[in-house]
Amino acid sequence: MKTISTLLTSFLLTTSGFAAGFKTTASLTVKSADKSPIVVIVDGKCFDIGSNAIMISGLEPAYHDVKVYQQAFNGAVELCGKDCDVLFNSSVLLKPRTSLLIAIDDCGAITMNETRMRTPRIGRHLAGRKL
């Protein structure tokens, strides 16, 4: 009897451990047609890798405040000691197991494309720093 109860307890603990580890997430990709590097700020976290495209995965499915800046030559906003232009500033809804692409063309037109991920993304994601 003791063996059966120990086996059942270990099975329940293992099952609950696996269930807690797999939560649904979403990803956000921002691309600019211009070759200048962009800075993306999501909910106050700054993502700056010095490229014109940034993919951020592991985000919670919810509304997020997204701001996209690009280094400016006339300087509108100062961000991290650089003069930047605001390309995008809006709140977006990320749904569970989806990937949202925000594409910004040379004229400043925004295109948003949402695709559903077939399998959950598990692994490392780009960690932003607090402003």
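Student: Leaving aside its neighbours within four places in sequence, which residues is Val40 in contact with?

Tutor: Keep in mind that we're looking at a predicted model. Val40 belongs to the largest nonpolar core, where it is among the residues that touch the most other members. Skipping the neighbours within four places, its contacts are Val30, Lys45, Cys46, Phe47, Ile54, Ile56, Val66, Lys67 and Val68.

Student: Which elements give two or more residues to that core?

Tutor: The core has 18 residues, and Leu28, Val30, Val40, Val42, Val66 and Val68 touch the most other members. As a rule, nonpolar side chains tend to be buried together in soluble globular proteins. Here the elements giving two or more residues are E1, strand E2 (38-42), E4, strand E5 (63-71), E7 and E8.

Student: And how many residues are in the other core?

Tutor: That one lies apart from the core we just went through. Val39, Ile41, Cys46 and Cys84 are among its members. Its count is five residues.

Student: Let's zoom out: what pattern does the chain follow along the sequence?

Tutor: Start with the inventory, which is one helix and 10 strands. Reading along the sequence, the helix is followed by the strands. Written out, that's α-β-β-β-β-β-β-β-β-β-β.

Student: In what order do the four strands of the open sheet sit?

Tutor: Work inwards from the edges: strand E4 (53-59) and strand E9 (110-116) each pair on one side only. Neighbouring strands in this sheet are turned by 15 degrees against each other on average, ignoring direction. The pairing is mixed, and the order is E4-E1-E8-E9.

Student: In which sense does E1 pair with E8, parallel or antiparallel?

Tutor: Take the other side of E1 as a reference: strand E1 (residues 26-32) pairs with E4 in the antiparallel sense over five bridges. Two of the bridge partners there are Met55 for Thr29 and Ile54 for Val30. Towards E8, Lys31 has Ala103 as its bridge partner. That E1–E8 pairing runs over six bridges, and its sense is parallel.

Student: Why is E1 largely enclosed by the rest of the structure?

Tutor: A residue is called buried when its relative accessible area is under 20%. For the chain of 131 residues, 28% count as buried. E1 is largely enclosed because its buried residues number six of the seven.

Student: Which side chains meet in the salt bridge?

Tutor: The structure holds one salt bridge. Side chains of opposite charge can pair when their charged atoms come close. In this case the N to O distance is 3.7 Å, and the partners are Lys95 and Glu114.

Student: How many residues apart are those two?

Tutor: Lys95 is in the loop between strand E7 (82-93) and strand E8 (98-104), while Glu114 is in strand E9. The pair therefore links distant parts of the chain, with a separation of 19 residues.

Student: What is the relative accessible area of Glu114?

Tutor: The partly exposed class sits between the 20% and 50% cut-offs. Lys95 falls in that class at 40% relative accessibility. Glu114 is partly exposed too, and its value is 36%.

Student: Last one: what share of the accessible surface belongs to carbon and sulfur atoms?

Tutor: The accessible surface of the chain comes to about 8,700 Å². Of that area, the carbon and sulfur share is 57%.

Terms used:
Residues are numbered from 1 along each chain as its sequence is written. This is a predicted model: local features need pLDDT of at least 70, side-chain atom pairs count only at pLDDT 80 or more; totals for chains, interfaces and linings use all residues. Side-chain values use heavy atoms; hydrogens and water are left out. Buried means under 20% relative accessible area, exposed over 50%, partly exposed in between (1.4 Å probe, protein chains only). Accessible areas come from the Shrake-Rupley method with a 1.4 Å probe; for residues, only the protein chains shown count as cover. Two strands pair if DSSP finds at least two bridges between them. Axes are lines fitted to C-alpha atoms, for helices over the stretch in contact, and angles run from 0 to 180 degrees between N-to-C directions. A salt bridge is a side-chain nitrogen of Lys or Arg within 4 Å of a carboxyl oxygen of Asp or Glu. A nonpolar core is a set of buried Ala, Val, Leu, Ile, Met, Phe, Trp, Tyr and Cys residues joined through side-chain atoms within 4.5 Å. Contact means heavy atoms within 4.5 Å.
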